[in-house]
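I opened this notebook to keep track of what I looked up in the structure, entry by entry.

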Amino acid sequence: MNSKNQVESTLKGILEVVKPLHEDWVTRFKIINELREVVQSIENLRGATVEPFGSFVSNLFSRWGDLDISIEVSFGQCVSSAGKKRKQTLLGELLRALRKQGGWSRLNFIPSARVPILKIVSKWQNISCDISIDNIQGEIKSKFLFWLNEIDGRFRDMVLLVKEWAKANGINNPKTGTFNSYSLSLLVIFHFQSCVPPILPPLKDIYPTNVVDDLTGAKVDAERRIAQVCSSNIARFKSSTSRIVNRSSLSELFISFIAKFSEINSRASELGICTFTGQWEYIANNTRWLPRTYAIFIEDPLEQPENSARAVGQKQLVKIAEAFEMTRRTLISANVTRNTLLPTLVGPQTSRFLIKKHPTVYSNSNYRSYPNTPPQAHRVVQSPLQTQYHLWQPQYKNSRPSTSQMQHQGPRMVPSTLKSQSQFARMRVMNGPSLPNHQFQKPNPSVPQDQVQVQVQPQIQIARTEGYNVKFGTRRPHQVQHNQGQMWRPKYDR
């Protein structure tokens, strides 16, 4: 097996391990429901809603990924945010309630953070939870990343691989001056925009203005306005006939991603990464970024001109560049094997799972040996959020994608009817300790269990994935018009 095939095979093996299983979704819903019960027991938080966001909502989390929670005290009526002191007070009350209830460990209240946060660890799978108050910006950013999954299925795979690689190399922790997960996702977006041919468009062609600036008025209407603009432009981008197909394999995309940023230390002094335009931008020429100075500038496209990588320090940027360069050399080595790749690409936890799943493949003495037990079938799981929270998209008439056009395409969810607020604008977690029955297919006794695939989304259409041509034909991107929310109105949950 040549080095390219070795990398491809190893990356796919990693994805089999890190992608969440059915029970991982169930556990997180259970945690959310338990937090809801605690919140409702606090007098000052009665009526508040518990809303997940982050990688869980964007479907970019691994099996052992953290869970981000926002407690909305605005009760879903208008877009508003409690003041910092109010947030600190409410999180302090929640901290006392969680201690009183028990079952939570490593409770850590950080009131002085830019966004006050309460960190806890659940008794269920020891999942870490970060709780904040009225984090509406975080919610809409998570949904935006979820929508990008609609364009190309390789985006999710790359984000999972890059996050795992970054953790293995100690560069995915803003507390120590390295990247947060959102910045890593933006790097993947930028790579998909700047590869040849491009896979993703500049984000200004999906939403032409600053998203957080348009979070005004009634919350549900604001979110629906933003979603409508994004869905219209994403649908138009996917249906464009002028785009060039990008058929790069996962290994080719990963290797080129590592190579692209292997000199990030020297480039960052003059250039910033702008996914809004899909280009490197000279910092000196960008008045939005001045006079602030950072070790590296990765602009938040949804909250411009904020720097998503503001926590990165100069010394740590050197470490980041070294991790990229070391990995690049490993990937292009003529003698690359699975066992030489593994320490570079994954951390100890993932490597143990890989060895247990394929004990005869990863037999190097550097790793702990496991009994030769047959690997268990990995169940492919679509996000349960897809049944609760859909991206509305228009149906295309008289068009059916070919098999070649389906390649690399992520699931495109098109609800038969736009039913309710919880299905589209708001992510609601169902009550009860477990998932509703309709979210997962019941096992068929006639189907062998090693062939079972848990499909959470019953209606999936596959659309083509092609490269990106700078122009969408002659049509201009769908623009933001603040009266569009009246074109269609939700049936509110009772």
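**The hairpin, then the sheet**

I began with the hairpin of S6 and S7, where four residues lie between the strands and where Gly278 takes a positive phi near 75 degrees. The model I am reading is a predicted one.

Next I looked up how the two strands of this hairpin are joined, and I found that S6 and strand S7 (residues 279–282) run antiparallel, with four bridges between them. I followed one of the residues across, and the bridge partner of Leu271 in S7 is Tyr282.

I then asked myself which way the residues of strand S6 (residues 271–274) point. Leu271 and Ile273 point one way, while Gly272 and Cys274 point the other way, and all of them are buried.

My following entry concerns an open sheet of five strands, which has mixed pairing and the order S1-S2-S5-S4-S3. Its edge strands are strand S1 (49–53) and strand S3 (104–110), since each of these is recorded as pairing on one side only. From one strand to the next, the twist averages 25 degrees.

Within this sheet I looked at S1 and strand S2 (residues 67–72), which run antiparallel and are joined by five bridges; here the bridge partner of Val50 is Ile71 in S2.

Last, I looked up the helices against the sheet. Helix H2 (residues 22–40) lies across S1, S2, S3, strand S4 (117–122) and strand S5 (128–133), and runs at about 30 degrees to S2. Helix H4 (residues 84–101) also packs on the sheet, where it touches S2, S3, S4 and S5, and its direction makes about 165 degrees with that of S3.

How values were computed
Residues numbered from 1 in each chain as written. Predicted model: local features only at pLDDT ≥ 70, side-chain atom pairs only at ≥ 80, totals over all residues. Heavy atoms only, no water. Buried < 20%, exposed > 50% of the residue type's maximum accessible area, 1.4 Å probe, protein only. Pairing = 2+ DSSP bridges. Axes fitted to C-alpha atoms, helices over the stretch in contact; angles between N-to-C directions. Contact = heavy atoms within 4.5 Å.
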